[in-house]
Amino acid sequence: MKYSVIIPVYNRPDEIEELLGSLARQSFKDFEAIVVEDGSTLPCKDVVDRYSQQINVTYLWKENGGPAAARNMGVEACSGEYVLILDSDCVVPDGYLNAVEQELLQHPCDAFGGPDKAHSGFSPLQKAINYTMTSFFTTGGIRGGKKKLDKFYPRSFNMGMKRSCYKALGGFSADMRFGEDIDLSLRIFEAGYSCRLFPSAWVWHKRRTDLKKFFRQVINSGIARIHLAKRHPGSMKLVHMLPAAFTLGCILLLVCSLICPYALLPLLLYATLLMTDAALKEKSIWVGCLAIPAAFVQLGGYGLGFLWAWWQRCVLGKGEFGAFRKNFYK
């Protein structure tokens, strides 16, 4: 078996239906899929069973413990030479596995990852959120693009590696529910393994479906960045601090606007830039409008999580924590 596709899932049977359907359409057939149900109250076993005649798919169930533990369980049960980690809210294009195969044939490596895109059928808000997570104007442009400011660190929505490498590293840190993918990526480099971007092996990534869920995601990402800095000294970069600086800057401008309304001008100019760029890229004025609150939620949520965790961990000396441990994945 060449590839084992590992998919953790929590209460998302509809998403599993779409993802397995896209895997069934792959022309490259030397793969298996392992779906690990992470203690869901809305199980997807019936969905998996329906696809068992089309692809080699295995269903596993475990008590809820977070995606890291679920992925590790899937890898323990797999037989592929390479493991491909996909999030349940992803859909792969028809040539995804062929793209991975060609990338490995041309440039062999121990670990890799691919970018994500918004599907034309996504809702306007999903497209706006995707824009904020990939745009240069929100620091998202460094995630999975061809031009990088640093080494490429695969994310769990679309990452792969040799199974031997995964096991040598001990897989994902099961005690982490947030930032566990970057933690593994950092350990890949620390152990001396080769890792690179596969630009042609992209996926459609739905991300969150409303701003409340998106806020929960990004505030935990900000918290996780401080945790990662504690676990991996020296991994903190200037770009990781920009959302916190943006958040503090917004607060300062809002306070100053009580005295001088013109203090809001930088925020209005930034919002106009976001709206124009998003509208042009997505060919939708509505998506452009939605990109404004999405961007402020992304940067502000991440910044608040970052600052909160910095205060708790670096100033008060407390241990790791998460803001939405119980309901983040619902």
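R71 and D87 pair up through their side chains in a salt bridge with an N to O distance of 3.3 Å, where a salt bridge is a side-chain nitrogen of Lys or Arg within 4 Å of a carboxyl oxygen of Asp or Glu. This pair ties together distant parts of the chain, 16 residues apart: R71 belongs to helix α3 (residues 67–77), while D87 sits in the loop between β4 and β5 (90–91). Helices (H or I, at least four residues) and strands (E, at least two) are DSSP runs, numbered from the N terminus. Both ends of the bridge are tucked away, R71 being buried at a relative accessible area of 2% and D87 being buried at 17%. Here buried means under 20% relative accessible area, exposed over 50%, and partly exposed in between (1.4 Å probe, protein chains only).

Some bookkeeping comes next. This is a predicted model, with local features needing pLDDT of at least 70 and side-chain atom pairs counting only at pLDDT 80 or more, whereas totals for chains, interfaces and linings use all residues. Residues are numbered from 1 along each chain as its sequence is written, and side-chain values use heavy atoms, with hydrogens and water left out.

Altogether the structure holds 16 salt bridges. In helix α2, D49 and K45 lie 4 residues apart, about one turn of the helix, and their side chains meet at 3.0 Å, N to O. D49 is partly exposed, with a relative accessible area of 37%, and K45 is likewise partly exposed, at 40%. R187 and D183 form another bridge, their closest N and O atoms being 3.2 Å apart. These two are about one helical turn from each other because they are 4 residues apart in helix α7 (residues 180–190). In contrast to the α2 pair, which is partly exposed, both R187 and D183 are buried. Salt bridges with shared partners also knit R12, E15 and D89 into one network.

Turning to the nonpolar interior, the largest core has 36 residues, and those with the most contacts inside it are I16, L20, L23, V35, I55, Y96 and V100. A nonpolar core is a set of buried Ala, Val, Leu, Ile, Met, Phe, Trp, Tyr and Cys residues joined through side-chain atoms within 4.5 Å. At least two residues of this core come from each of β1 (3–9), α1 (13–24), β2 (31–38), α2 (45–51), β3 (57–62), β4 (82–86) and α4 (96–106). A second, separate core of 21 residues includes C78, Y166, L184 and C195. Back in the largest core, I55 touches L20, L23, A24, F31 and A33, leaving aside residues up to four places away in sequence; contact means heavy atoms within 4.5 Å.

Strand β2 is mostly covered, with 8 of its 8 residues buried. That goes for both faces: F31, A33, V35 and E37 are buried on one side, and E32, I34, V36 and D38 on the other. Strands β1 and β2 run parallel and are joined by 7 bridges, with V9 standing opposite E37 in β2; two strands count as paired if DSSP finds at least two bridges between them. The chain gets from β1 to β2 through α1, and this β-α-β crossover is right-handed, meaning that with the strands pointing away from the viewer, the path from the first strand over the helix to the second runs clockwise. β2 also pairs with β3 in the parallel sense, over 6 bridges, and the bridge partner of V36 in β3 is L60. Here too the unit is right-handed, made by β2, α2 and β3.

Elsewhere, 3 strands form an open sheet in the order β5-β10-β7, with mixed pairing. β5 and β7 (116–117) stand at the edges with a single partner strand each, so one side of each lacks a neighbour in the sheet. β7 runs parallel to β10 (residues 203–205), to which 2 bridges join it, and K117 has W204 as its bridge partner in β10.

As for the cysteines, the structure holds 0 disulfides, a disulfide being a pair of cysteine sulfur atoms within 2.5 Å. The sulfur of C195 lies 6.8 Å from the closest cysteine sulfur, that of C109, which is too far for a bond. C195 counts as buried, at 14% relative accessibility. C260 is in no disulfide either, the nearest cysteine sulfur being that of C256, 8.5 Å away; at 35% relative accessibility, C260 counts as partly exposed.
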